[in-house]
Amino acid sequence: MIRKQEIMRHAKLLGLSANTVEKDYVLNWLLLGIFSNVQLNTQWIFKGGTCLKKCYFKEYRFSEDLDFTLTNAEQLDIDFLNVVFAEIGEWIYEQSGIEIPEDSIAFESYTNPRGKISVEGKIGYKGPMQRQSSISRVKLDLTNDELVCTEPVISELYHPYTDEIPNYDGILTYSLEEIFAEKTRALAERMRPRDLYDVVHLYNEKRHELDVGKYIEIFAAKCEFKNIAIPSFSELSEKAEYQELVSEWDNMLAHQIGDLASCQSYWQQLPGVFDWIEGAKI
């Protein structure tokens, strides 16, 4: 395990809290634990904003959660998850020194808006900061109720820390087109700050070998799967959730980005995204 001083140096350089950087470090080891586990490494597909940070763009917003689509619905079983993550916790401790107390591992199933079972997990840890008063946690969101349109990609984990990580076979992730399409659909559905941030950044990064036709096809399929119409910018502008997006911008993102631009600066770029979508559909 790296020393506390290394976490502090990263935090100062990035203009972030030491707790944010420590969690980023622990997320890496959780990912290594998951994808070194033979029961999970071909069944779990990593996705979402944390996937963008860990596997696609080194310079990106930090994140706090790990989101996965599971190809095997039987692995949403709470007893199975408790057992396998106890094993993963032992592996992480042996490899890194990060403690994952078994009594800090908790999973809870819930019914999602489509009436399907998903699972939320909370994994406690004691990392380099060695806090004694309370234990920090990582949240996992696990679902089998997701349309996966492209073959998963084997990606490398970005690990900017000085400890040596073990050999592994890679991280199974959504393709960049799939993440972009899902983020655009999520923005239309829930209007959260992180979705706006991710959509605008992915649009601006679309020159990086993004298959535009594939993205449009996936976006349409994901909207159909969630039973929503493909949105327009004007429709998003009229949503009641817009004011909450603006008011929660700093609360939800400032601790993840050292120099966060205003919500308005991102919102002003959104018409270009939807013009591009409309143009690509022609």
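## Salt bridges: what counts, and how many

A salt bridge here is a side-chain nitrogen of Lys or Arg within 4 Å of a carboxyl oxygen of Asp or Glu. The model is a predicted one, and searching the whole structure on that basis turns up 13 salt bridges.

## The network around Lys-222

Start with Lys-222, which has two acidic partners worth looking at. One is Glu-178, whose side chain meets that of Lys-222 in a salt bridge of 2.9 Å, N to O. This pair links distant parts of the chain, with Glu-178 in helix α5 (residues 176-190) and Lys-222 in helix α7, 44 residues apart. The other is Glu-182, which forms a salt bridge with Lys-222 at 2.8 Å, N to O. Again the link runs between helix α5, home of Glu-182, and helix α7, home of Lys-222, and here the two residues are 40 apart in the chain.

Are these charged residues buried or exposed? Glu-178 has 0% relative accessibility and counts as buried. Lys-222, at 1%, is buried as well, and so is Glu-182, with a relative accessible area of 11%. The cut-off that matters for these calls is 20% relative accessible area, with buried meaning under that value. Zoom out a little and there is a wider picture: salt bridges that share partners join Lys-47, Glu-146, Glu-178, Glu-182, Arg-185, Glu-189 and Lys-222 into one network.

## Strands and their partners

Now for the strands. Strand β1 (residues 44-47) runs antiparallel to strand β2 (residues 65-70), and four bridges join them. If you want a register marker, Trp-44 has Leu-70 in β2 as its bridge partner. On to the next pairing: β2 goes with strand β5 (residues 136-143) in the parallel sense, over five bridges. There, Asp-67 is matched with Asp-141 in β5.

β5 also pairs with β4, this time antiparallel and over eight bridges. Asp-141 turns up again in this pairing, as the bridge partner of Glu-120. β4 in turn pairs with strand β3 (residues 105-111) in the antiparallel sense, over seven bridges, and Glu-120 of β4 is the bridge partner of Glu-108. The hairpin of β3 and β4 has five residues between the strands, and Gly-115 in that hairpin takes a positive phi near 80°.

## A salt bridge between β4 and β5

Glu-120 has a side-chain partner too. Its side chain meets that of Lys-139 in a salt bridge of 3.9 Å, N to O. Lys-139 sits in strand β5 and Glu-120 in strand β4 (residues 117-125), so to speak a link between distant parts of the chain, 19 residues apart. Both residues are partly exposed: Lys-139 is at 31% relative accessibility, and Glu-120 has a relative accessible area of 28%.

## Helix α1 and its neighbour α2

Which residues of helix α1 (residues 4-14) are buried? They are Glu-6, Ile-7, His-10 and Ala-11. Looking down the axis of α1, these buried residues fall within an arc of 135°, so they line one face of the helix. Turn to the face pointing away from that buried side and you find the exposed residues Arg-9, Lys-12 and Leu-13.

What do the buried residues of α1 pack against? Their partner is α2 (18-35). On the α1 side of the contact are Ile-7, Met-8, His-10, Ala-11 and Leu-14, and they meet Ala-18, Val-21, Glu-22 and Tyr-25 in α2. The two helix axes come within 8 Å and cross at roughly 115°, and the crossing is right-handed. Just after α1 comes Gly-15, with a positive phi near 70°.

## Out in a loop: Glu-209

Last stop is Glu-209, in the loop between α6 (193-204) and α7 (212-225). Glu-209 is exposed, with a relative accessible area of 80%. How far apart are Glu-209 and Phe-46 in sequence and in space? They are 163 residues apart along the chain and 20 Å apart in space, C-alpha to C-alpha.

Definitions and conventions. Residues numbered from 1 in each chain as written. Heavy atoms only, no water. Buried < 20%, exposed > 50% of the residue type's maximum accessible area, 1.4 Å probe, protein only. Arc of directions from axis to C-beta. Contact = heavy atoms within 4.5 Å. Pairing = 2+ DSSP bridges. Axes fitted to C-alpha atoms, helices over the stretch in contact; angles between N-to-C directions. Left-handed = near helix turned anticlockwise from the far one by under 90°.
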